[in-house]
Amino acid sequence: ASERWSRRRLLAGAVIERAISDRVEPVTAAEVASFYAEHRASFVAPATVGGRAVRLRLDATVPRDIYQSFEDAAARAQRGELTLDQIPERVTEGPAVELLELTALTPRRLASMGAGLKAAVDALAPGEISDVVQEGDALFVFELLDRQAAQPLTQQEAERRVRQRLERSRRAQARRAFEREVLAAEELVALP
């Protein structure tokens, strides 16, 4: 019985989608231009930061002196005595130490890396190096190379988003109209 119900639900969904698709007119270039002009402020490329990080994976079997050498090298980099890419050379044993190139990190992407790391990066000016920050199973040191403010998108850059938004809106309207018609009909169509 549940297979029969699933099949009918799928068939009903297909009928609804076909009916909706037949009712939705394509979005025109003039509609894109008009919508963009009215909602220009909502089409913005997010702020980004770019930088590099050194990550030291935490491992309970590694002696404390490895972690201490990482922290010491990070402090020396903050004082300008080492560059960030020299830190992995200073930590010669133990867990994996990686230099990561991190470009165009949005606030959302940076937050997904951890609240502590985001807070440390947010406090940096370009050219500065963070303190050691622990996130999950790793220690990080971050060097901020650049910070870009949010930028408005041109109509051309926003066109795909505008079209998608208008198409979603049209499909939702068509679905509501179809549902009203079905509910108002005196006789329902039987599905195979």
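**Figure 1. Glu-143 sits in strand 5, residues 138-148.** Strands (E, at least two residues) and helices (H or I, at least four) are DSSP runs, numbered from the N terminus. This is a predicted model, in which local features need pLDDT of at least 70, side-chain atom pairs count only at pLDDT 80 or more, and totals for chains, interfaces and linings use all residues. Residues are numbered from 1 along each chain as its sequence is written, and side-chain values use heavy atoms, with hydrogens and water left out. Glu-143 is buried, at a relative accessible area of 13%. Buried means under 20% relative accessible area, exposed means over 50%, and partly exposed lies in between (1.4 Å probe, protein chains only). Contact means heavy atoms within 4.5 Å. Neighbours within four places in sequence aside, Glu-143 is in contact with Gly-50, Gly-51 and Arg-52. Its other contacts under that rule are Leu-84, Gly-127, Glu-128 and Ile-129.

**Figure 2. Ala-138 also belongs to strand 5.** Ala-138 is buried, with 2% relative accessibility. Its contacts, without neighbours up to four places away in sequence, are Arg-55, Leu-56, Arg-57, Leu-58 and Val-133. Ser-34 is 104 residues from Ala-138 in sequence. In space, the C-alpha atoms of Ala-138 and Ser-34 are 49 Å apart.

**Figure 3. Ser-130 lies in a loop between helix 6 (115-122) and strand 4 (133-135).** Ser-130 is buried, and its relative accessible area is 3%. Residues up to four places away in sequence are not counted in its contacts. Ser-130 then touches Gln-78, Ala-120, Leu-124, Val-141 and Phe-142.

**Figure 4. Ala-73 is part of helix 3, residues 64-78.** Ala-73 is buried, at 4% relative accessible area. Beyond four places in sequence, Ala-73 touches Leu-82, Ile-87 and Arg-90. Thr-83 is 10 residues from Ala-73 along the chain. The C-alpha atoms of Ala-73 and Thr-83 are separated by 9.3 Å.

**Figure 5. Ala-104 has a positive phi of about 50 degrees, although it is not a glycine.** Most residues other than glycine have a negative phi. Ala-104 lies in strand 3, residues 97-105. Ala-104 counts as exposed, at 53% relative accessibility.

**Figure 6. Leu-110 is in helix 5, residues 107-112.** Leu-110 counts as buried, with a relative accessibility of 2%. Setting aside residues up to four places away in sequence, Leu-110 touches Val-49, Leu-105, Lys-118, Val-121 and Asp-122. Val-49 and Leu-110 are 61 residues apart in sequence. Their C-alpha atoms are 8.7 Å apart in space.

**Figure 7. Helix 2 (residues 29-38) packs with helix 7 (residues 155-184).** Two packed helices are described by the angle between their axes and the distance between the axes. Axes are lines fitted to C-alpha atoms, for helices over the stretch in contact, and angles run from 0 to 180 degrees between N-to-C directions. The angle between helix 2 and helix 7 is about 100 degrees, and their axes are 9 Å apart. Helix 2 is therefore roughly perpendicular to helix 7. Angles of 65 to 115 degrees count as roughly perpendicular, under 35 as roughly parallel, over 145 as roughly antiparallel and the rest as oblique. Helix 2 makes the contact through Ala-29, Glu-31, Val-32, Ala-33, Phe-35 and Tyr-36. From helix 7 come Gln-155, Ala-158, Glu-159, Val-162, Arg-163, Arg-165, Leu-166 and Arg-170. By class, the contact has eight nonpolar, one polar and five charged residues. Ala, Val, Leu, Ile, Met, Phe, Trp, Tyr, Cys and Pro count as nonpolar, Asp, Glu, Lys and Arg as charged, and the others, Gly among them, as polar.

**Figure 8. Helix 7 bends by about 30 degrees at Arg-161.** The bend at a residue is the angle between axes fitted to the seven residues ending there and the seven starting there. The 30 residues of helix 7 should span 44 Å at 1.5 Å a residue. The expected span is 1.5 Å times one less than the number of residues. The end C-alpha atoms of helix 7 are 41 Å apart, which agrees. Its buried residues are Ala-158, Val-162, Leu-166, Ala-174, Ala-177 and Phe-178. Their cover includes helix 1 (2-23) and helix 2.

**Figure 9. Ser-6 is placed in helix 1.** Ser-6 counts as partly exposed, at 33% relative accessibility. Glu-179 is 173 residues from Ser-6 in sequence. Between their C-alpha atoms the distance is 20 Å.
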